[in-house]
Structures are given as C-alpha cells and as structure tokens.
Amino acid sequence: MSIPPLSQRNAASPLKKQQQRLQKSTLSPEDLCFKLPLKIVEYPDPVLRARNKRINTFDDGVKELVHEMFDIMYKTDGIGLSAPQVGINVQLMVFNAAGERGEGEEIVLVNPVIYKASKKTTLYNEGCLSFPGILADVQRPASVKIDARDITGAKFKVNLSGLPARVFQHEFDHLQGTLFFDRMSKDVLDSVRSELKALEKKYEERTGQPTPERVDDYEGIKISLDCNRNVKNSSKDLAAGYPWPPESPRHRLAKPTIEEGATEKGARVQPLRLKPRKENKRKREQERN
Ligand SMILES: [Zn+2]
C-alpha cells in the first residue's frame, strides 16, 4: 500500500462514506479482545492504518483495557497512547503529559472529536512509541477544543493547549489512521526517511511479508501558507508553559481532521489541570525561601 497525500486519502465516495458510517456503529465484543501483556505495535504494521471503531459500551472490559494501556505507556516512557498502537482498533486514547504514574493527570478520551482548532500553529519535536528512536518536527495547531466521552461514557468538553494539545492531536491522528510522518514537511521527512525504511525492513524480516507501505512512495507535505502564519519557535514556547525537556526521549506529541458541527449539546465542561512537575515545584519553593 502506498501513502497518498492526506487530501486524497480523505476523499471518500458517498457510498464509501455510508459504509464507513455503518462500520462505525457496529462494535462487536471481539473488537475489544486483547491478550496480556499488551505489546506496542510498530510501523508499518497495517493495524496502525486500519479503521478504528467507536466504543458504545462502557463496561469492565474497557476499564481493564484503559488500565493496561496506562501501564504499558508508563513502562515504555510514553506520555500518550492510542488503542490501535496496542493492536486494538477502537476510538480510545489515554495520556498523561507528566509521564509518571501518580503525577500529573491521567486523561482517558473515548470517541474524541475536534470541533475547533486554533489558526496559530506550532512546531514541536515529536516521537512516537510505534516509531522507536525517531524524533522529528511536526506542525500542529497550538490549541484545540474537543468533545469526547470519559471511561463511564459521560460526555465532556475540554480545551487543550501547549503540550496536552500536542499529545492529544498526535493520539487523535492515530485514531484516524494518520501517523506523525504523514504530517512532516518534505525536508523533515527526508531527515528520518532512512530510519523509517529500516523499520519497514525489520517488519519484512520479522513477518516474512512485504511491507504494506513504503515511505519512499511518499514525499512529505507542502506546508500551506495558512500553516506558516504565526509559526514561532514553539519548542521554547511549550517548554515555558510545560517544563518538558525537548531532548527527552519520551513519547511527545499537524492540521487535524475536524468534523464540522461535532459539538455535542448538553455536554459538561471538564477543565484539564496538569500538576507541575516536581523540579518545578522545587524551584518555586526555593524562590519562596
Ligand atoms: Zn504515536
């Protein structure tokens, strides 16, 4: 499978759209089956490009999956993880921008939808658990407004900016079958091309199957004028608001797919608070003393 430009990949005929809506609504118990321990699926496994179904039952199975996803996310030094990355094609993501159990805030988002994204975009050096060792700059809106359900199925809205917005958009992309290199500019993509090809080779050796996609079929995106507007050296901006070392090998988290009119009426608003990291707390205490 080649990687067509995003604009082509998103183009669907009315029939295809109808089929997609049908697929969306039918989640069978097998879709949520998983084997322990969970394992991180690496590029170019086709599971990362498969359609992810919406979750419509909020039972103990979903809760157990969430628990296991947080577990493997912390163990692999991630700060965000989507269900397809553990081989389960459902609309579910977990993240904790603090990256440590017991710190920050654990966020679970089920069937999330972005209904507004800022015009201002930022560049940030991202990594992905499904692309071990690869870090590269990706441009994304600085802030997003989201509708989602929590682990109990309750609807909520949340506004995200800074690192949480970055992590969310990266994981949200996974739920659309979009991978971070799909959003890299040509130059940036060229800088990691050999590493992506190495993953393709590793997949072929491990499975004995030809790679389902080749990065060499893809040139990288042309940054639109819109995207270039208001771009700042955002790693610094983000680091100021969220003390995250840009050189950290953690899972860090381009224009997202926005569904028009996706706001769910009557949803409650859940503010997202992130606790400051320890070293920051210490710094403030020192300043006070
Ligand atoms: Zn990822």
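Colleague: What span does helix 3 (residues 60–75) have, and what span is expected at 1.5 Å a residue?

Modeller: Helix 3, a DSSP run of H or I of at least four residues, has 16 residues and reaches 23 Å from its first C-alpha to its last. The expected span is 1.5 Å times one less than the number of residues, here 22 Å, and the value in the model is close to that. This is a predicted model, in which local features need pLDDT of at least 70 and side-chain atom pairs count only at pLDDT 80 or more, while totals for chains, interfaces and linings use all residues. Residues are numbered from 1 along each chain as its sequence is written.

Colleague: Which residues of helix 3 are buried?

Modeller: Val62, Leu65, Met69 and Met73 are buried, with 20 or more other C-beta atoms, placed from the backbone, within 10 Å of their own (12 or fewer is exposed, in between is partly exposed).

Colleague: What puts these residues on the same side of helix 3?

Modeller: They cover an arc of only 70 degrees around the axis, so they lie on the same side of helix 3; the arc is taken over directions from the helix axis to the C-beta atoms. On the other side, Asp60, His67 and Lys75 are exposed.

Colleague: Against what do the buried residues of helix 3 pack?

Modeller: They pack against strand 1 (80–82) and strand 2 (92–95), where a contact needs C-beta atoms within 7 Å. In strand 2, Leu92 and Val94 point one way and Met93 and Phe95 the other way, and all are buried.

Colleague: What makes strand 1 and strand 2 a pair?

Modeller: Two strands (E runs of at least two residues) pair if DSSP finds at least two bridges between them. Strand 1 and strand 2 have 3 bridges, in the antiparallel sense, and therefore meet that condition. Val94 is the bridge partner of Leu81. Strand 2 is also joined to strand 3 (residues 107–117), running antiparallel, by 4 bridges, with Phe95 opposite Ile107.

Colleague: Why is Ile134 called partly exposed?

Modeller: Ile134 has 18 other C-beta atoms within 10 Å, which falls between the two limits and is therefore partly exposed. Ile134 lies in the loop between strand 4 (121–127) and strand 5 (135–141). Not counting residues up to four places away in sequence, Ile134 touches Gly127, Val192 and Glu195.

Colleague: Which elements have the lowest and the highest mean pLDDT?

Modeller: On pLDDT, the predictor's confidence in each residue from 0 to 100, helix 7 (residues 234–241) has the lowest mean (31) and helix 5 (residues 186–207) the highest (96). Over residues 1–11 the pLDDT is below 50.

Methods: Two residues are in contact if their C-beta atoms, placed from the backbone, lie within 7 Å.
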